Amino acid sequence: MQYRHSILTLALLGMALCVGSVHAQDRQEISGTVTSADDSAPLPGANVSVPGTTVGTATGAQGQYSLRVPTDADSLRFSFVGFRAQTVAIAGRTTIDVALAPAAQQIDELVVVGYGSQEERDVTGAVNKVSSGDFNAGNVASPEQLIAGKISGVQISANSGAPGASSFIRIRGATSVNADNEPLFVVDGVPIENADNQASRNPLNFLNPGDIESVNVLKDASAAAIYGSRGANGVILIETSSASEGDARISYQGSLSGSQISDRIDVLGPSQFREAVQEQAPSQVGRLGNAETDWQDAVQRTGVSQEHSLSFSRGYEDSNIRLSLNYLDQQGTLETSNLERVSGSIKYNQDFLDDQLTIRTNLRGTKTRNQFEPGVVGAAASFAPTQPIRDVDSPFGGFFEWDQSLAENNPVASYVLTDNTGETYRSLGNVEAEYRLPFVDGLSARLNLGYDIQDGEREFFAPTFLKGQADQGGEQAGQVERRNFTRLNQLLDAYLSYEREFESIESEINATAGYSYQDFQAEFPEFVAQGLGSNSLGPNSTTPVQDRQFTNTFVREIPNRLISGFGRLNYTFKDRYVATLTVRRDGSSRFGPENRWGTFPSAALAWRAHQEPFLQDTDVLSNLKVRASWGVNGNQEIGNFLYTPLFQRGTSQVQAQFGDEFVSTVRPDAADETLQWEESISTNIGVDYGFLDGRISGSLEYYRTETEDLIFPAVVPRGANLSDVVTTNIGSMRNEGVEFSIDANVLQIGDFSYDAQLNASTNDNEVLEITQAGDDILTGNIGGGTGNTVQIIREGESLNSFFVYEHREDENGDPRSDAEFDREEMYVDQNGDGEINISDRVVKGSPQPDYILGHTSQIRFQNLDFSVSLRAHIGNDVYNNGASNLGYYNRLTDFVPSNLEASVLDTEFNSRQQFSDVYVEDASFLRLDNLSLGYTLESVPRTDRIRVYGTAQNLFVLTGYSGPDPEVPNGIDDSLYPRSRTYTVGVNVQL
């Protein structure tokens, strides 16, 4: 369901008005249990007291308490570190259970910052933490989707609607043109490689979201500089769950989901198609069939998914252990697409030598199996709706197919006859030893040994009678591919930490210094064979290949190494003034000997203004911290050995003849020996605030980041290198923006509470300079034709801005059609030379949103909980490639009569107008991401509690975009796997 985004502003204003504050009315209880409102876990050690007296107690291991109170007492106060205190009226009751809500911002909460943790009050950089109680609920396969819309300045969008699809993640905009723009992920202290593999849609799918306790996001240079060359795009630190001290706990969570595609490409129906052929292409009437086929419906289905998780945890005085198992079966809404995952983990911590030595162990293993759908979205929109799916006389497996080789293929035949699967085994683990040296107070040494290994295979089989194979001729018909891979990431971190308070000078010091060694090895054995003599063996054998010249076998081995030294110093004076200095020096094998090492420093200051004597007596202000930081980060996420020519062996079809013998060729790649680091120089100014004892809290940030020595494949003069295109450093780019967030306990009346959160950010991206590559760089390939692009990298414009013709309008305000006007009359001649060519194309919009907003509301009443999350992008544009590629009448006569996108009924274009700004649309949107309703049962025999819940995801989107979905991260909407609307029911049982 779609609406004009003129409603958007009003909806967002209403969202903001939800964040306010009223004075609480109070209730109380005498005895009972204190639990967390997030997950109903007991809170051992919570304080229970009578206000204004010394009467009080603490809860036991299961959160239970019993307190004798004065007869004239009318209320009890409940508090626990990290949770919002409650004062509850007794009102004649003797047994009342209380659920404490997590504080919107707990000042003394520990925040993971890389190679350690800090109290939130000591953090000087831009760091945001999202705990498990605030995660997005529902059918979630990968960890990054847990925090989508939760943090200002962080854009997380699924790249498609496929099961377990990868995500587009940007922290404060794109900092690179060609190098990776994704943030660094660190799981339990191990920086992981997030590179794609052939067997998985998303490499992060190996991690069970149910195992995650918190996610910390390092956004500015001061916070991320400790990761040096990998911190330019920000850092996401994932901490998995541990056991807490107490009795053994067993937890089971199960859910069942159903998904349906929420919208699809708008094409002509059978009757409209027949009418269009009769009017626009009468010569093709004889090729019309008698069927009425909805091809998009034929490749779609209701996706049914299930997930089951089981965990065991137990904590002792000097150790704790947590075990977990997870099974996920996520069925896609396109036929044959599927994700299946089986995972297990163990987390064990043990103290030795009177708590001087701590050993922490994290091990997890996952098997994922992906079944990939063939490219059916475009074919289903394009195939003639008057043709049948099946044809008993067809030589193509009994499916109807056109007799033209360049015509689109039957999409149902594509998914029925092909086999395309991937299987990945991945294990991640580390052992960390921390020894607190007895001879130096406050000094500790840590050794962290970690690994991340992936092993998998992608299989593809297409039979000889598949139309696309048969078109290649008998000798090459039929194809088998087996693409294996192994990736090994080995880590060694060794560092010292020193923490001490000097009371005589009112100072505290926290220092860290260390060494890091990380080695990456990757191997890719691959086999491709064409020209099968038999289809009976499927992808399991290539013995029947008719001609070995159509068989290719090769192995690629790719090593990569990163060696680093790092240090960080935090100094606090008078508990109010904080300074942080960080430096990291990295050596990367991805650069040549002259440019291999880079140094990345940062500095930050913070002032806890609310602790100044002149502000300590105020009752309203509970937190006011002013921060400023500067730093340099690097980016080394490029290909390996781009600084030196590597030799490639030609295929069997590229050979040189020597007499009667044909010899395979060997050729060198282009290389730039002077290739060097991209460096991002960042400045950040921030204010953290809190009012009414933390009931209202949030932050305001301003940042500016300039990236120098951008890496990009640039055109070089012929003869200057081994190719006319070489990867080199080309220029600079800037990102500048403002971020705002507010969390509020809006209402607290006895057992009823309402919390709201709103975050908003803006980012202005500009390419500052392009060198060695000419004035402009054309990007953004589109479907329709060969080598056509509609985006540009140009100085003074946003990265990948749209580059199109300005379309003239007729007297009715509609775009001029080539049915009535010639090319010179349709488009604006920008330079007045009487011709319409690339010189007349102009920048028109950008895929990057001007504003990103997120909102979450949480309501709790006794055992009932309800939450809703909304997310909005404003000012982003999308190129509707579906309309430009299918929306013109000449498609009816190009090869065969193919279906048309419905926009042609309005534009009446005869020929393809793919460079027209008609197809660049405002794609601003407001999406209802998540709605959840749950109820907790606390009196079920033999259980601690049972929570039943239901969630709905992607319930609606308000937008003015005419395509299927406005959220297209790269800005080009070209036959994307459609997003779905998902409903989930589930149960969580704790024993």
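**Entry 1: terms and a surface patch**

I began by fixing my terms: a residue is buried under 20% relative accessible area, exposed over 50%, and partly exposed in between. I also noted that this is a predicted model. With those cut-offs I looked up Leu-323, which has a relative accessible area of 34% and is therefore partly exposed. Leu-323 is found in strand E19, and I listed it as one of the residues of a nonpolar patch on the surface. The other members I wrote down are Ile-250, Leu-310, Phe-312, Leu-325, Ile-346, Tyr-348, Leu-363 and Leu-991, and together the patch has about 720 Å² of accessible area. I then asked which strands each supply at least two residues of this patch. I found strand E18 (303–315), strand E19 and strand E20 (338–352).

**Entry 2: empty space inside**

Next I turned to cavities, since rolling a probe the size of a water molecule over the atoms shows where empty space is left. I noted 12 cavities of 30 Å³ or more in the structure, and for the largest cavity I recorded a volume of about 670 Å³. Its lining is made up of 34 residues, of which Asn-139, Gln-145, Ala-158, Gln-953 and Ser-980 are the closest to the centre. The elements that give two or more residues to this lining are strand E11 (154–158), strand E19 (319–331), strand E48 (925–937) and strand E52 (980–990). How many residues of each class line the largest cavity? I wrote down nine nonpolar, 20 polar and five charged residues. Strand E19 thus appears twice in my notes, as a supplier of the nonpolar patch and as a contributor to the lining of the largest cavity.

**Entry 3: salt bridges**

Side chains of opposite charge can pair when their charged atoms come close. For the structure as a whole I noted a count of 47 salt bridges, and I then went through a few of them one by one.

I took Asp-403 and Arg-287 to begin with, whose side chains meet in a salt bridge at 3.0 Å, N to O. The pair links distant parts of the chain, 116 residues apart, with Asp-403 in the loop between helix H5 (376–382) and helix H6 (411–417), and Arg-287 in the loop between helix H3 (270–280) and helix H4 (295–298). Is Asp-403 buried or exposed? I found a relative accessible area of 62% for Asp-403, so this residue is exposed, whereas Arg-287, at 27%, counts as partly exposed.

I then looked at Arg-584 and Asp-586, which meet in a salt bridge of 2.9 Å, N to O. Arg-584 has a relative accessible area of 1% and is therefore buried, and Asp-586 counts as buried because its relative accessibility is 0%.

For Arg-871 and Asp-929 I recorded a salt bridge of 2.6 Å, N to O. Arg-871 lies in strand E45 (residues 864–874) and Asp-929 in strand E48, so the pair ties together parts that are 58 residues apart in sequence. I noted both Arg-871 and Asp-929 as buried. Strand E48, which holds Asp-929, had already come up among the elements lining the largest cavity.

Finally I listed a network of salt bridges that links Arg-704, Glu-706, Arg-734, Glu-736, Asp-764 and Glu-766.

**Entry 4: positive phi angles**

I looked up two residues other than glycine with a positive phi, and noted a value near 50 degrees for Asp-188 and near 55 degrees for Glu-908. Asp-188 is placed in the loop between strand E13 (184–187) and strand E14 (190–191), and with a relative accessibility of 10% this residue counts as buried. Glu-908 lies in the loop between helix H11 (904–907) and strand E47 (920–922), and I recorded Glu-908 as partly exposed, with a relative accessible area of 39%.

**Entry 5: two distances**

My last entries concern spacing along the chain and in space. Val-187 is found in strand E13 and counts as buried, because its relative accessibility is 2%. How far apart in space are Val-187 and Ile-212, C-alpha to C-alpha? I noted 9.6 Å for this pair, with their positions 25 residues apart in sequence. Ser-305 has its place in strand E18 and is likewise buried, at 2% relative accessibility. For Ser-305 and Ile-563, which are 258 residues apart along the chain, I wrote down a C-alpha separation of 43 Å.

Conventions: Residues numbered from 1 in each chain as written. Predicted model: local features only at pLDDT ≥ 70, side-chain atom pairs only at ≥ 80, totals over all residues. Heavy atoms only, no water. 1 Å grid on protein atoms, 1.4 Å probe; cavity = no way out; pocket = protein on both sides within 12 Å on 5 of 7 lines; lining within 4 Å. Points joined across faces, edges and corners; volume = space filled by probe spheres on them. Helix = DSSP H or I, 4+ residues; strand = E, 2+ residues; numbered from the N terminus. Nonpolar A, V, L, I, M, F, W, Y, C, P; charged D, E, K, R; others polar. Patch = residues over 30% accessible without salt bridge, like charges linked within 9 Å, V, L, I, M, F, W, Y side chains within 5 Å. Areas by Shrake-Rupley, 256 points an atom, 1.4 Å probe, with all protein chains shown as cover. Salt bridge = Lys/Arg side-chain N within 4 Å of Asp/Glu carboxyl O. Buried < 20%, exposed > 50% of the residue type's maximum accessible area, 1.4 Å probe, protein only.
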